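Reader: Could you take me through one part of this model in detail? I'd like a close look at the nonpolar patch on the surface, and then at whatever ties the strands around it together.

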Amino acid sequence: MAGRYFSILSLLLLLVAFSCTEANADVPKTTEKKIEVVVEATVYCQSCDHFGTWSLIGAKPIPSAKVSVTCKSHNGHVSYYKVFETDKDGYLYAPLEGFKMQHYILDHPLHSCYVKPVWSPLESCSLLSNVNYGLNGAPLRYENKKLHGSKYEAVIYAAGPLAFRPSECSQTHH
């Protein structure tokens, strides 16, 4: 008799579990919002009048310039590296697809990532300058800039302006 009650009880539990599963199948599942880390910067050709300074007065944006983004983990290993290209206005919008943090504080982009100018398509303006520490890598800063979508959020970090300089600047300009 006890076995019969156990069988009926088991059958009832299965029916309840099945009906709950069916009811939950109609409830739309919430999709996880994708959060992307993005780096932005603008690349310029610095005027000879300001060679040797950080001034960008008279500087012109460089379209199609190559810029690298490097991130290192808290133990010094390169965890992310990619070269990006600026748009027609010299603006860089670089989503760091695949960027991962092993330690959420020490590997944060503000601590671990930097940006360097790599290549200029302008033969007349192709020497690296140290504007915004471009030679060693411009640090990132957070300027409270985000893009929001229904399934997407981009947190944007600024590297500040970067620059190349003309090779034909005379010594009298600086």
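Author: Sure, and keep in mind that this is a predicted model. Start with the strands behind the patch: β4 (78–85) and β6 (113–119) each supply at least two of its residues. β4 gives the most, with three. The members are Val78, Tyr81, Val83, Val118 and Trp119, and together they have about 470 Å² of accessible area. Take Val118, which sits in strand β6. Val118 comes out as partly exposed because its relative accessible area is 41%, between the 20% and 50% cut-offs.

Now stay with β6 and go to Cys113, which forms a disulfide with Cys71, S to S 2.0 Å. The torsion about that S-S bond is about 105 degrees, so this one is right-handed. It links distant parts of the chain, with Cys71 in strand β3 (residues 66–72) and Cys113 in strand β6, 42 residues apart. Both cysteines, Cys71 and Cys113, are buried.

Just past β6, Cys125 pairs with Cys45 at 2.1 Å, S to S. Cys45 is in strand β1 (residues 34–45) and Cys125 in the loop between β6 and β7 (127–128), so this bond ties together parts 80 residues apart in sequence. Cys45 and Cys125 are buried too, and their disulfide is right-handed, since the torsion is about 110 degrees.

The count comes to three disulfides, and Cys48 to Cys169 is one of them. That link is left-handed, with -85 degrees about the S-S bond. Counting bonded cysteines along the chain, the pattern reads 1-5, 2-6, 3-4.

Methods:
Residues are numbered from 1 along each chain as its sequence is written. This is a predicted model: local features need pLDDT of at least 70, side-chain atom pairs count only at pLDDT 80 or more; totals for chains, interfaces and linings use all residues. Side-chain values use heavy atoms; hydrogens and water are left out. Patches are made of residues with over 30% relative accessible area and no salt bridge: like charges are joined within 9 Å, nonpolar side chains (Val, Leu, Ile, Met, Phe, Trp, Tyr) within 5 Å. Accessible areas come from the Shrake-Rupley method with a 1.4 Å probe; for residues, only the protein chains shown count as cover. A salt bridge is a side-chain nitrogen of Lys or Arg within 4 Å of a carboxyl oxygen of Asp or Glu. Helices (H or I, at least four residues) and strands (E, at least two) are DSSP runs, numbered from the N terminus. Buried means under 20% relative accessible area, exposed over 50%, partly exposed in between (1.4 Å probe, protein chains only). A disulfide is a pair of cysteine sulfur atoms within 2.5 Å.
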